[in-house]
Amino acid sequence: MRDKNGSSEAAWQEEELSAAALPDKRLARRLRRLLDQMSAAPGKPIPAACGDWAAAKAAYRFFETRV
């Protein structure tokens with residue numbers, strides 16, 4: 001999927017990941033997964049976007065993390 005500027009979905013995700021500057025590769029992987037899940041279900045609540053309770057709980061834990 002391309003927007004009018006010609007950038008792909010992966011490009012904006014990479015931009016967000018580099019801006020996040022997470023110190024741990026595991027956190028960066030988790031953010032990438034969350035971006036995929038949330039962008040696939042825009043406007044949906046976190047449990048619906050994540051698909052199951054375990055993934056939703058992991059998302060909430062990630063959002064609680066203070067880096």
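Phe62 is a buried residue in this predicted model, and its relative accessibility is 14%. Because the cut-off for burial is under 20% relative accessible area, Phe62 falls on the buried side. Its partner in what follows is Phe63, which is partly exposed, with a relative accessible area of 44%.

These two residues form an aromatic pair. A search of the whole structure finds one such pair. A pair of aromatic rings is described by the distance of the centres and the angle of the planes. For Phe62 and Phe63, the centres lie 5.9 Å apart and the planes meet at 75°. The geometry is therefore classed as edge-to-face, since the angle is over 60 degrees.

Phe63 belongs to helix α4, which covers residues 53-64. Phe63 also takes part in a nonpolar surface patch, together with Trp53 and Tyr60. The area of that patch is about 370 Å².

Allow me to place this in the chain as a whole. The protein chain has four helices and zero strands, and along the sequence the pattern reads α-α-α-α. The chain consists of 67 residues, of which 24% count as buried. Its exposed area is about 5100 Å², with carbon and sulfur atoms supplying 54% of that area. As for contacts with a separation of 6 or more, 33% of them join residues that are 24 or more positions apart.

I turn now to helix α2, which runs over residues 25-40. Does the distance between its ends agree or disagree with the expected span? The helix has 16 residues, so at 1.5 Å a residue it should span 22 Å. The end C-alpha atoms are 23 Å apart, which agrees.

Which residues of α2 are buried? They are Arg30, Leu31, Leu34, Leu35 and Gln37. In general terms, an α-helix has 3.6 residues a turn, so residues three or four places apart point the same way.

Gln37 merits a separate word. This residue is found in helix α2, and its relative accessible area is 16%. That value is under the 20% cut-off, and Gln37 therefore counts as buried. What does Gln37 touch, leaving aside its neighbours within four places in sequence? Gln37 is in contact with Arg30, Ala49, Cys50 and Ala55. Of these partners, Arg30 is itself one of the buried residues of α2.

To close, I return to the aromatic pair. Phe62 is buried at 14% relative accessibility, whereas Phe63 is partly exposed at 44%.

Conventions:
Residues numbered from 1 in each chain as written. Predicted model: local features only at pLDDT ≥ 70, side-chain atom pairs only at ≥ 80, totals over all residues. Heavy atoms only, no water. Helix = DSSP H or I, 4+ residues; strand = E, 2+ residues; numbered from the N terminus. Buried < 20%, exposed > 50% of the residue type's maximum accessible area, 1.4 Å probe, protein only. Contact = heavy atoms within 4.5 Å. Areas by Shrake-Rupley, 256 points an atom, 1.4 Å probe, with all protein chains shown as cover. Phe/Tyr/Trp six-rings, centres within 6.5 Å; stacked < 30°, edge-to-face > 60°. Expected span 1.5 Å × (residues − 1). Patch = residues over 30% accessible without salt bridge, like charges linked within 9 Å, V, L, I, M, F, W, Y side chains within 5 Å. Salt bridge = Lys/Arg side-chain N within 4 Å of Asp/Glu carboxyl O.
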